[in-house]
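Colleague: Before I use any of these labels, I'd like to hear what stands behind them. Can you walk me through it?

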Amino acid sequence: MSANLNARISRTMIALTLIAALIVYLGLMAYFLFIYEWLYPEPEGYAGWRTADTVMVLTLLAFGLLTASGIGWRLARRIVEPLKSVAGAARRIATGDFSARAALPAGSFREAADLLADFNTMAERLERAEAELAYSNSAIAHELRTPLTILRGRLQGLSDGVFDPTPQLYARLIAHVDQLSAIVEELRTLALGNAGQLELSYGSFDLAEEVGAALNGLEAELTAAGITLTRSLFPARIVADRTRLRQVCVAVLENCRCYAPQSQVHVETRAEGDEVIFRCCDTGPGLCAEDQARAFDRFWRAEASRGRSLGGSGLGLPIVRAIARAHGGEARILPQAGPGLSLEIRLPKRPPSAGMTDD
C-alpha cells in the first residue's frame with residue numbers, strides 16, 4: 001500500500017512535469033517556426049530551429065523530470081511514513097496488544113500529526129475499555145458467586161433434609177434472589193448508560209419535591225442507622241426523568257446509610273443559572289484523594305471504611321454518574337476540609353434531547 005502511494009505520487013509529479021514540458025516544447029517550436037521569423041526576419045543563412053535547440057530543451061526536460069521525481073519521492077515518504085506507523089499500530093491492536101501507539105516521524109505534516117494524535121487517543125480509550133471490561137467480568141463473577149453459593153447450599157440442604165422448610169428460611173432465600181435481581185438490574189442500567197442507550201422519560205417537575213419525597217421515605221431507615229438528617233431544599237425546576245432522578249437520590253442516601261452511619265447528613269437542592277444542583281454531604285469516614293478518584297468505578301469499595309460487611313454492591317455511585325450523564329449533567333465528589341464525603345450532581349434545567357412533555 002505504501003509503495004503504491006509512493007509510486008503514485010512520483011508518477012503524478014512526473015506526469016505533471018511531462019505535460020508542462022510538452023506544452024513548453026510545442027509552444028517554443030510554434031514560436032520559432034512560425035512566429036519568430038515573421039516578427040524578426042533574420043539575414044540570409046539563418047537555419048531556423050536547430051538540433052542543438054532540441055537537445056537543450058530535452059536536457060532541461062530531463063533535469064525537470066529528475067527534480068520532480070526526487071521531490072515527489074520525498075513528499076511521498078513524508079505522507080506515507082505516518083500512515084505506515086498507524087497501520088503498524090493498528091495491526092498490533094488487532095492482535096490484542098492494546099498498548100500499541102503510533103509514533104510521529106520527524107518532519108510530518110500537521111494533518112499527519114492530528115491523525116496520529118486521534119489514533120493514539122482512540123487506542124488509549126480502547127486499552128482502558130479492555131481493562132475495564134476484564135475487571136468488570138471478574139467483579140461480576142465475584143459479586144454473583146457468593147449469593148449463588150449460599151442459595152445453592154440452602155436449596156441443597158432443603159433437598160437433603162438438613163434444613164427444615166421454615167418461613168424464615170424461605171424469606172432468607174427470597175432475599176438472596178432479590179439481591180441477585182438487584183445486581184442484574186443495576187448492571188443493566190449501568191450498561192445502558194455507558195452505551196448512551198439509557199431510556200429517559202422526560203417531564204417537568206421540581207427536583208426539591210422529589211428529593212423531599214425520597215428523604216421522607218427513607219427517614220426511618222436513616223434514623224435507625226443513627227443518621228441525623230438536615231435539609232435545605234430550595235425550588236429547582238427541571239425537565240428530566242422523574243423516576244431516574246428519584247433512583248439517584250435513593251442511591252445517594254442508601255450510600256450514606258450503609259457507609260456513613262452515626263453521622264450527620266445534609267441534603268440540599270437549588271437552581272444556579274441554567275443548572276439545578278443536588279448535593280449530599282455526610283460526616284462519615286469519607287475517602288482519601290486516591291479513593292475519591294475511584295469512587296465511580298464499578299464494584300469498587302474502599303475496604304478500610306466502606307467494606308462488604310456494610311452491604312452494597314459497589315454499583316451505586318457508578319449508576320448515579322451514568323444517570324447524571326444521560327441527562328447531560330455530571331456527578332462528582334467535592335473536596336472537603338473535614339471528615340466525610342460531599343457528592344454533588346449538576347444537571348441542565350432542560351437537556352437538549354428532552355421532549356416537550358410537562359406534568
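Modeller: Here is how the labels come about, term by term. This is a predicted model, where local features need pLDDT of at least 70, side-chain atom pairs count only at pLDDT 80 or more, and totals for chains, interfaces and linings use all residues. Residues are numbered from 1 along each chain as its sequence is written, and side-chain values use heavy atoms, with hydrogens and water left out.

Colleague: Cysteines, then. How do you know that Cys-256 is in no disulfide?

Modeller: A disulfide here is a pair of cysteine sulfur atoms within 2.5 Å. The whole-structure search finds 0 of them. For Cys-256, the nearest cysteine sulfur belongs to Cys-280 and is 3.6 Å away, so the pair misses the 2.5 Å cut-off.

Colleague: And what rules out a bond for Cys-258?

Modeller: Its closest cysteine sulfur, in Cys-256, is 9.6 Å off, which is too far for a bond.

Colleague: Why is Cys-256 called buried?

Modeller: Buried means under 20% relative accessible area, exposed means over 50%, and partly exposed is in between (1.4 Å probe, protein chains only). Cys-256 has 3%, so it counts as buried. Cys-258 is at 13% and therefore counts as buried too.

Colleague: What makes Arg-101 and Glu-127 a salt bridge?

Modeller: The rule asks for a side-chain nitrogen of Lys or Arg within 4 Å of a carboxyl oxygen of Asp or Glu. Their closest N and O atoms are 2.6 Å apart, so the pair qualifies. The two partners sit in distant parts of the chain, 26 residues apart: Arg-101 in the loop between α2 and α3 (110–160), Glu-127 in helix α3. Helices (H or I, at least four residues) and strands (E, at least two) are DSSP runs, numbered from the N terminus. Arg-101, at 30%, is partly exposed, and Glu-127, at 31%, is partly exposed as well.

Colleague: How many salt bridges does the structure hold?

Modeller: It holds 16. Among them is Glu-275 with Arg-346, at 2.9 Å from N to O. That one connects strand β5 (residues 275–282) to strand β7 (residues 341–348), with the partners 71 residues apart. Shared partners join Glu-268, Arg-270, Glu-272, Glu-275, Arg-279, Arg-332, Glu-344 and Arg-346 into one network.

Colleague: Glu-268 and Arg-270 meet in a salt bridge. Why is Glu-268 called buried, and why is Arg-270 called partly exposed?

Modeller: The N to O distance in that bridge is 3.0 Å. Glu-268 has 18%, which is under 20%, so it is buried. Arg-270 has 21%, so it falls between 20% and 50% and counts as partly exposed.

Colleague: What makes β2 and β6 edge strands?

Modeller: Each pairs on one side only, and pairing takes at least two DSSP bridges between two strands. They belong to an open sheet of 5 strands, ordered β2-β4-β5-β7-β6, with mixed pairing. β2 pairs with strand β4 (residues 264–272) in the parallel sense over 6 bridges, and Arg-231 stands opposite Val-267 in β4.

Colleague: Last one: why can Leu-75 be part of a nonpolar patch?

Modeller: Patch residues need over 30% relative accessible area and no salt bridge; like charges are joined within 9 Å, nonpolar side chains (Val, Leu, Ile, Met, Phe, Trp, Tyr) within 5 Å. Leu-75 has 31%, so it passes the 30% limit. Its partners in the patch of about 280 Å² are Ile-79, Leu-83 and Leu-115, the area coming from the Shrake-Rupley method with a 1.4 Å probe and only the protein chains shown as cover for residues. Helix α2 (residues 51–94) gives the largest share, 3 residues, and Leu-75 is in that helix.
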